[in-house]
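These are my notebook entries on a single chain, written while I went through the model residue by residue and then strand by strand.

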Amino acid sequence: QVQLVESGGGLVQAGGSLRLSCAASGRTLSRYAMGWFRQAPGKERDFVAAIDWSNNTNYRRAVKGRFTISRDNAKNTLLLQMNSLKPEDTAVYYCSAYSGSYISSGPRDWGQGTQVTVSS
């Protein structure tokens, strides 16, 4: 079973940037789709971005153009560069390893989450 550990969250002012990392062990990430999700207080967990085994990407409309998902296969790590952050981006961000190579396979394994707080 894969273990996922997120890092890089924190408190930032609106307009600022953060870079989230998700380190994986127990599975070679390069063969699988991966994704980022977020959950704000009192709300459902929502999709943010995903990347498949061949680096095709998909984004939530609200973050497109501001967030960039990427992977470092040599380090078995998933990344999320977040720019022009807004207060509505405040949430716990979760990394997910999908069950297959394509985004359509869906998320299966989850990290513990990292808090991102954007102040206005």
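**Entry 1, an arginine side chain.** I began with Arg66, whose side chain reaches the backbone oxygen of Ala62 at 2.9 Å; the model is a predicted one, and I read the distance with that in mind. The side chain of Arg66 also reaches a second backbone oxygen, that of Ser84, at 2.9 Å. Looking up its place in the fold, I found Arg66 in the loop between β6 (57–59) and β7 (67–72). Is Arg66 buried or exposed? With a relative accessible area of 11%, Arg66 counts as buried, because the limit for that class is under 20%. I then listed what Arg66 touches, leaving aside residues up to four places away in sequence, and obtained Gln81, Met82, Asn83, Ser84, Leu85, Lys86 and Asp89. Ser84 therefore appears both in this contact list and as the residue whose backbone oxygen the Arg66 side chain reaches.

**Entry 2, the sheet that includes β7.** From the loop I moved on to the strand that ends it, β7. I found an open sheet of four strands in the order β1-β3-β8-β7, with antiparallel pairing. Its edge strands are β1 (3–7) and β7, each of which pairs on one side only. Neighbouring strands of this sheet are turned by 15° against each other on average, with direction ignored. For the pairing of β7 with β8 (residues 77–82), I noted the antiparallel sense and six bridges. Which residue of β8 is the bridge partner of Ser70? I found that it is Leu79.

**Entry 3, the nonpolar core.** I next looked up the largest nonpolar core, which has 27 residues, and noted that Trp36, Leu80, Met82 and Tyr93 have the most contacts inside it. The strands that each supply at least two residues of this core are β3 (18–25), β4 (34–39), β5 (45–51), β7, β8, β9 and β11 (114–119). Met82, which I had already met among the residues touched by Arg66, is thus listed here as well.

**Entry 4, aromatic rings.** How many aromatic pairs does the structure hold? I found two. Phe37 and Phe47 form an edge-to-face pair, with 5.7 Å centre to centre and 80° between the planes. Because Phe37 lies in strand β4 and Phe47 in strand β5, this pair ties together parts that are 10 residues apart in sequence. Phe37 is buried, with a relative accessible area of 9%, whereas Phe47, at 22% relative accessibility, counts as partly exposed. Phe37 also forms an edge-to-face pair with Trp110, for which I noted 4.9 Å centre to centre and 70° between the planes. Since Trp110 lies in strand β10 and Phe37 in strand β4, this pair ties together parts that are 73 residues apart in sequence. Trp110, at 34% relative accessibility, counts as partly exposed. I closed the entry by noting that ring pairs link Phe37, Phe47 and Trp110 into a cluster.

**Entry 5, a tyrosine in a loop.** Last, I looked up Tyr102, which lies in the loop between β9 (91–98) and β10 (107–110). Tyr102 is partly exposed, with a relative accessible area of 48%. Leaving aside residues up to four places away in sequence, I found that Tyr102 touches Ala33, Asp52 and Trp53. I also noted that the C-alpha atoms of Tyr102 and Arg31 are separated by 9.3 Å, although the two residues are 71 residues apart along the chain.

Methods. Residues numbered from 1 in each chain as written. Heavy atoms only, no water. Buried < 20%, exposed > 50% of the residue type's maximum accessible area, 1.4 Å probe, protein only. Polar contact = N/O pair within 3.5 Å; in protein donor to acceptor, adjacent residues only side chain to side chain. Contact = heavy atoms within 4.5 Å. Pairing = 2+ DSSP bridges. Axes fitted to C-alpha atoms, helices over the stretch in contact; angles between N-to-C directions. Core = buried A, V, L, I, M, F, W, Y, C linked by side-chain atoms within 4.5 Å. Phe/Tyr/Trp six-rings, centres within 6.5 Å; stacked < 30°, edge-to-face > 60°.
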